[in-house]
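Biologist: I would like a close look at a single part of this model, namely one piece of its strand pairing. Please keep the answer connected, and place that part in its surroundings.

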Amino acid sequence: MKKLYNTAAHKGYLLCHTCHLLSKAATHVHSIHCPRCGTRLHSRKPNSLSRTWALTLTAYILYIPANLLPIMTVTMSGKGEPDTIFSGVKELVLGGMWPLALLIFFASITVPVLKLLILTYLLLSVQFKSSWRPKERTILYRITETVGRWSMIDIFVIAILVALVKLGALATIEAGAGAVAFGGVVVITMFAAMSFDPRLIWDALENDHE
Amino acid sequence: MSQMIKAQAESRTHLTACHDCDLLFHIPHLKKGEQAHCPRCGALVMERKGNSLDYSLALALTSLILFVMANFNVLLRMNVGGRTQEENIISGVNELFVQGYWEIAVLVFIVSILAPLLKILCLFYVLIPLRLNTRFPYAKEVFSFYETLSPWSMTEVYMLGILVALVKLADLATINVGIALYSFAALIPFMAATDASLDDHEIWESLEPTD
């Protein structure tokens, strides 16, 4: 026997996502604005599923060039060597810099892949109206929301290295097209996480009772 | 008597909805330092921090000073065979532009310089008038913008990037650390403390028109 809960949507309340004020939704009104801060109110984020799907799929596509194209090229004494994300990690391992290799592996490979997989799973679970472990799925959502920013490390390292290593014929470092694609993946998955509405996870439970 | 107190306490509860699972429930009146979590999904719904505006303003002012120092000084200096190369945050952005990667240049500029700076300035715009018992026009919009900016301000991630770059270059050359790096390292806990000191529910309540 499950406990029956009241939800704001069920009782006709709208929560303002900007200032957290709860308002009673008036009937027959098409657009409602928050009486306190003026933000347009929605019971659920508008077109949450289709927007999140679109952004997630875009991120999947961009993820391919992000990994295949070089993110930067180190030229030392005239010899240039393009580095992809993965070869960068491999070089750190070969150089014996294990902690650094693990950090970059986690930030540049684990986090984006995990984020894309979690978003896909959440989208599918909502689409198929799964009522399995909603609390844990909400926690998964919170993780994707907070951890995504750390993928930016590699981009920042490139920004620092290109400006610092400008030694003419001795050594130069140039950014690569892979970095643009990777930056795109990070930004687009952040937008994808923002457009996903975790309340949709819980809506499946609601329909069970009715 | 005890029933009266109980009734009084109940009248001070108010209805709210969870932003993560949409559960409708009553939260009691919170005392300073108390938190309210959603009974269904566990989300942190409200926290009464009870810090004074002066406290947040002091932290924001410290952050601003450190931000300026971090951006107008040398971050890293590299010595190789008698040649010295200096860099700071903006020169990294500039070099990406020069190399033709304007997309990453814009991205790095926004998340490491523009967003943190705007965040601090937005706070001043909202908090200083509140401290003086007044409100500037568009204070609500500015505070809402401050909250939107939060995920895009990535100073702590940039700091980790600096450390990675330092380790990577350690074999190649002698790297000297500039004042900007220390300022930047200090900026991170101060910005985090500024954000943590703010009670957004309380600020929204004080921005509400009372007239």
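How many bridges join β5(B) to β6(B), and do these strands run parallel or antiparallel?

Modeller: The model is predicted, and what follows should be read on that basis. β5(B) and β6(B) run antiparallel and are joined by five bridges. One pair within this ladder can be named: M78(B) has Q85(B) in β6(B) as its bridge partner. Strands of a sheet pair through backbone hydrogen bonds, in either a parallel or an antiparallel manner.

The pair belongs to an open sheet of chain B with three strands in the order β6-β5-β7, and the pairing is antiparallel. β6 of chain B is an edge strand, as is β7 (174-177) of chain B, since each of them pairs on one side only. From one strand to the next, the twist averages 20°. In a regular strand, side chains alternate between the two faces of the sheet.

As for the surroundings, the domain assignment divides chain B into domain 1 (2-47) and domain 2 (53-207). The centres of these two domains of chain B, taken over C-alpha atoms, are 35 Å apart.

Both strands of the pair also take part in the contact with the other chain. In total, 45 residues of chain B are in contact with 47 residues of chain A. β5 (76-80) and β6 (83-87) of chain B are among the elements that each supply at least two residues of the side touching chain A; others include β1 (14-17), α3 (89-98) and α4 (102-131) of chain B. The largest share of that side comes from α6(B), with eight residues. By class, the side of chain B that touches chain A holds 26 nonpolar, ten polar and nine charged residues.

Chain A can be set beside this. There, strand β5 (residues 72-76) and strand β6 (residues 79-83) of chain A run antiparallel, with five bridges between them. In this pairing T73(A) stands opposite P82(A) of β6(A). The hairpin of β5(A) and β6(A) has two residues between the strands, and S77(A) takes a positive phi near 50° in this hairpin. β5(A) is also joined by five bridges to strand β7 (residues 171-175) of chain A, again with the strands running antiparallel. Within β7(A), A171(A) is the bridge partner of M76(A).

To return to the part you asked about: β5(B) and β6(B) are an antiparallel pair with five bridges, set in the order β6-β5-β7 of the open sheet of chain B.

Terms used
Residues numbered from 1 in each chain as written. Chains lettered and ligands numbered in written order. Predicted model: local features only at pLDDT ≥ 70, side-chain atom pairs only at ≥ 80, totals over all residues. Contact = placed C-beta atoms within 7 Å. Helix = DSSP H or I, 4+ residues; strand = E, 2+ residues; numbered from the N terminus. Nonpolar A, V, L, I, M, F, W, Y, C, P; charged D, E, K, R; others polar. Pairing = 2+ DSSP bridges. Axes fitted to C-alpha atoms, helices over the stretch in contact; angles between N-to-C directions. Domains from an automatic or database assignment.
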